Amino acid sequence: MSPVPDDPRSDAQLVAAAAGGETSAFDALFRRHRDWTYRLAYRFTGTDADAWDVLQEAFLYLARRMPSLTLTTSLRTLLFPAIRNLAIKANTKRRKLVAGEELLAALPARSSDQSTDNLLQVLESLGLPHRQVVILRYIDDLSLEEIAEVLAIPLGTAKSRLFHAHRLLRDNPRCRKYFGQ
Amino acid sequence: MAMAPINDDNLPEGLRADLHRLTPSLPAGIAHRERDLLAQAHSALNQPRGRRTGWRWLAAGAAVAAMLLVAVTASRSGGNPAATPPAPVAVAPKPTIIDAMIAARRPGVKQPDIDQIAMAAVSIDSPEVH
C-alpha cells in the first residue's frame, strides 16, 4: 500500500474540518501524529500492546471531543496529558505504579545494545528536572513551548533547564564520543 | 553568567539521533488495526453530531408549534394576530315598546294605563333618558 501524502493543512485547520464532519481530516491528523503518539505511549508503558491500546484510546478521545473542539494550542500539547493519563491507567492495570512526574522522565526499558544502555545511564545520571526536558525535547520531539506547557513552567525556565542539561551532557565522560572530545 | 541562546545545534546530531532511537517507531503491518481504529473514530466523530441534529429537530418542532399557536390566535381574532379575542359580554336584548306592552298585559299584573306605557317607551328608546 502506498503511503498517503500528508495533508498540507495545519493541525488547527484539520481539527476545524474534522469538527465539521470531514472524516478524511481526522484521518490526516491520525497519520500525522500516530507515530509520535505510539512512541510516547511506548515510553510510558514499555510494551507494544499497551502502547497500541493507549494510542487507540487517545485518538478515540480526540474523536469524541472533536465536534466541540477548537485548537488553541498545539495538538501534541492537547494529546500529551491524555496519553500520560491513559498510560497511568494501563500501568495501574499491570500494577506498574509510577507517579505522574516520574512518568514524564520515564526511560525506555534497558536493552542488550551497549550503546543504548550507555545512553540510558547518562540520562539516569541527570537530575529529574534536566532529564525531563532532555527526554521531552529529544525523545518526545516537543518544542520548548510545548515542554513549558506540559510541565506547567515558564518558557524561560524550560530554556534554562535545557541549557544546563546540555552542559551536563557535554561534561559527562560517557558522552565524549558525541562531542568529539 | 549570560545564558547562551538555546539552539538544537548545541546538541551533536549523533547524540540527538541516538536519543531519538531509544523509543521504537510504530511497527509495520498494522494496517488492519488502523482501519478498525479509524472506523471507531469515525463513528465517535459522528455520534455527537447526531445528538445535535436531534436538538435541531426539537427546536424546529417548537418553532412549528409556536407558529400554529399564532395562526389559531389570529383566526380567532379576525385576522389580527396581535389583537386578543374580546371576552364575551352578556348583553341583554334591548326592550322595545312591544315588550313593555306584553309585560304590562301579563295575567295577575295590574294593567298599566296608557301614560305608563308611553313613559316606558320613552325611557327605553330615548338615548337621552337612562
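Helix 3 of chain A, in this predicted model, has 18 residues, which should span 26 Å at 1.5 Å a residue, and its end C-alpha atoms are indeed 26 Å apart. The expected span of a helix is 1.5 Å times one less than its number of residues. Helix 4 of chain A (residues 75-93) tells a similar story: its 19 residues reach 27 Å from first C-alpha to last, close to the expected 27 Å. Helices here are DSSP runs of H or I with at least four residues, strands are runs of E with at least two, and both are numbered from the N terminus.

A word on conventions: residues are numbered from 1 along each chain as its sequence is written, while chains are lettered from A and ligands numbered from 1 in the order in which they are written. Since the model is predicted, local features need pLDDT of at least 70 and side-chain atom pairs count only at pLDDT 80 or more, whereas totals for chains, interfaces and linings use all residues.

**How the chains are built**

Chain A has 10 helices and zero strands, and chain B has four helices and zero strands. Buried residues make up 37% of the 181 residues in chain A, against 7% of the 130 residues of chain B. Buried stands for 20 or more other C-beta atoms within 10 Å of a residue's own, exposed for 12 or fewer, and partly exposed for anything in between, with C-beta atoms placed from the backbone.

Back in helix 3 of chain A, the buried residues include A:Trp52, A:Val54, A:Leu55 and A:Phe59, and A:Asp50 is also one of them. In helix 4 of chain A, A:Leu79, A:Phe80, A:Ile83 and A:Ala87 are among the buried residues, and so are A:Arg76 and A:Arg84.

**The cores**

A nonpolar core is a set of buried Ala, Val, Leu, Ile, Met, Phe, Trp, Tyr and Cys residues joined through C-beta atoms within 7 Å. The largest one has 33 residues, and A:Ala18, A:Phe26, A:Ala41, A:Val54 and A:Ile83 touch the most other members. Two or more residues each come from helix 1, helix 2 (23-45), helix 3 (48-65) and helix 4 of chain A, and from helix 2 of chain B. Helix 2 of chain A gives the most, with 11 residues. A second, separate core of 22 residues includes A:Ile139, A:Leu169, A:Tyr178 and B:Leu22. In soluble globular proteins, nonpolar side chains tend to be buried together.

Take A:Ala41: leaving aside neighbours within four places in sequence, A:Ala41 is in contact with A:Ala51, A:Val54, A:Leu55, A:Ile83 and A:Ala87. Contact means that two C-beta atoms, placed from the backbone, lie within 7 Å. Across chain A, residues 24 or more positions apart account for 57% of the contacts with a separation of 6 or more.

**Where the chains meet**

On the interface, 29 residues of chain B are in contact with 37 residues of chain A. Helix 1 (13-20) and helix 2 (31-76) of chain B are the elements that give two or more residues to chain B's side, and helix 2 of chain B has the largest share there, 11 residues. By class, that side has 18 nonpolar, seven polar and four charged residues. Nonpolar covers Ala, Val, Leu, Ile, Met, Phe, Trp, Tyr, Cys and Pro, charged covers Asp, Glu, Lys and Arg, and polar takes the others, Gly among them.

**Two positive phi values**

Most residues other than glycine have a negative phi, and most peptide bonds are trans. A:Asp141 has a positive phi of about 65° though not a glycine, and sits in the loop between helix 7 (128-139) and helix 8 (144-151) of chain A. A:Asp141 counts as partly exposed because there are 14 C-beta neighbours inside 10 Å. A:Ala152, in the loop between helix 8 and helix 9 of chain A, has a positive phi near 55°. With 6 C-beta neighbours inside 10 Å, A:Ala152 counts as exposed.

**How far to trust it**

pLDDT is the predictor's confidence in each residue, from 0 to 100.

| Chain | Mean pLDDT | Residues at 70 or more |
|---|---|---|
| Chain A | pLDDT 86 | 90% |
| Chain B | pLDDT 69 | 45% |

In chain A, confidence is lowest in helix 5 (residues 100-104), at a mean of 66, and highest in helix 9, at 93. In chain B, the low is helix 4 (residues 114-125), at a mean of 61, and the high is helix 1, at 89. Where pLDDT is low, the predicted coordinates should not be read in detail. For the complex, the predictor gives an ipTM of 0.81 and a pTM of 0.66.
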